[in-house]
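Welcome! Here are some short exercises for getting to know a structure you have not met before. Try each one yourself, then read the worked solution.

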Amino acid sequence: MLMKNAHNDIANIKSFVSGLIRPYSSMKQTIILFYSIIALSIFWYWPTPSPFQDSLGNRSIPSGTVVWEKSEEAGNVPDNPLFLEDVFSKKNSSETIVTVSWKKFFWGSQKIVAAFFLMGLFPILIVKFVFREKLSDYGVQWGQRFRTFNNIIIFFPLMILLGILSSRESGFYSVYPYNPYAFASLTFLVTHSILYFFLYYFSWEFMFRGFIQHGLASSMNAMTAVWIQVLLSTMLHYGHPISEVLGCLGGGFLWGFLVYRTNSIFAGWVQHAVLGIALDVSLIWFAFH
């Protein structure tokens, strides 16, 4: 039965792709797929600052920061103790205090901002002004509230645990945090987490589970639409640790299923964001302990 369903899904995808080149193919499907390929390609090649740490787990500081080596003789240590010194420094060892300006911090957030425009704002404008449809039809609503809240609560501790466990794999340091300056102070870390939650993860979930999955499901088999968004989101993780790539496959199906179960992208949005923020915080914490 599983092989038969998989064969049918593959046949549906082939039929969908071939239909795009026909003169009378669905314009909506064409726009969704064409925009998705262009936007995700731009996001993939979008430049990012130097990673917070190298893949071997060795401590490193992003380029462009100002560094003070802490010592009793140091007269140029900042007046305001930074979060790095207060929490992440190692006891009984040399400590490093790093200052990062707000300008440098926001420059480090450029990939998060790029995600907001490419995967959030622009697709929303397409839905509103090109398709002339409601955002609620794409999952931007609470939907079945009980199921939405229930799934958020049930998966919340699991996502935190997965974030903590994933941070023990050194390969994640070559990718995250997307803003390598998030570690410099508690204020920066909180600001990074807020931007990550609202700008990055909402946009990600809207793009894949809303714009692509909901948009394509109206003219094809629902499971085929899920397969397409899972394929695209997984490809965007190329070069990441293999555990994240496999996790992306599972998460793509889970959050795609929750969209149909709750009629909302909100459960997947919160779960995905909690996982990502827990990973970033844990990476920073373990790097300095």
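**Exercise 1. Find N263, say in which loop N263 lies, and decide whether N263 is exposed, partly exposed or buried.**

Step 1: N263 sits in the loop that links α9 (242–262) with α10. Keep in mind that you are looking at a predicted model.

Step 2: The relative accessible area of N263 is 35%. Buried would require under 20% and exposed over 50%, so N263 is partly exposed.

Step 3: Now look at the backbone. N263 has a positive phi, near 60 degrees, and is a residue other than glycine. For comparison, most residues other than glycine have a negative phi.

**Exercise 2. Do the same for R132: where is R132 found, and is R132 buried or exposed?**

Step 1: Look in the loop between α5 and α6, where R132 is found.

Step 2: The relative accessibility of R132 is 69%. The cut-off for exposed is over 50%, so R132 counts as exposed.

Step 3: R132 is not a glycine, yet has a positive phi of about 55 degrees.

**Exercise 3. Explore the loop between α6 and α7, starting from P177.**

Step 1: P177 lies in this loop, and a cis peptide bond joins Y176 to P177, with omega about -5 degrees. In general, most peptide bonds are trans.

Step 2: S174 has its place in the loop between α6 (145–166) and α7 as well. With a relative accessible area of 37%, S174 is partly exposed.

Step 3: Follow S174 across the fold. S174 and P241 are 67 residues apart along the chain, while 9.1 Å separates their C-alpha atoms.

**Exercise 4. Describe helix α7: where is the kink centred, and how many of the residues of α7 are buried?**

Step 1: Helix α7 covers residues 186–217 and has a kink of about 35 degrees, centred on Y196.

Step 2: Of the 32 residues in α7, 25 are buried, and the helix is mostly covered.

**Exercise 5. Work out how α7 packs with α10 and with α5.**

Step 1: Helix α10 (residues 266–287) packs with α7 at an angle of about 140 degrees, and the two axes are 9 Å apart. Roughly antiparallel would need an angle over 145 degrees, so α7 is oblique to α10.

Step 2: The crossing of α7 past α10 is right-handed. Among the residues making the contact are Y196, F197 and W204 of α7 and W269, A273 and I277 of α10.

Step 3: Turn to helix α5 (residues 110–130). Its axis comes within 8 Å of that of α7, and they cross at roughly 40 degrees. Roughly parallel means under 35 degrees, so α5 is oblique to α7.

Step 4: This time α5 passes α7 in a left-handed crossing. The contact includes F116, G120 and P123 of α5 and Y196, L199 and W204 of α7.

**Exercise 6. Step back: how many helices and strands are in the protein, and what share of the residues is buried?**

Step 1: The protein has 10 helices and two strands. Starting at the N terminus, their order is α-α-β-α-β-α-α-α-α-α-α-α.

Step 2: Of the 289 residues, 48% are buried.

Step 3: Among contacts with a separation of 6 or more, 80% are between residues 24 or more positions apart.

Note on methods:
Residues numbered from 1 in each chain as written. Predicted model: local features only at pLDDT ≥ 70, side-chain atom pairs only at ≥ 80, totals over all residues. Heavy atoms only, no water. Bend = angle between axes of the 7 residues up to and from the residue. Helix = DSSP H or I, 4+ residues; strand = E, 2+ residues; numbered from the N terminus. Buried < 20%, exposed > 50% of the residue type's maximum accessible area, 1.4 Å probe, protein only. Axes fitted to C-alpha atoms, helices over the stretch in contact; angles between N-to-C directions. Parallel < 35°, antiparallel > 145°, perpendicular 65-115°, else oblique. Left-handed = near helix turned anticlockwise from the far one by under 90°. Contact = heavy atoms within 4.5 Å.
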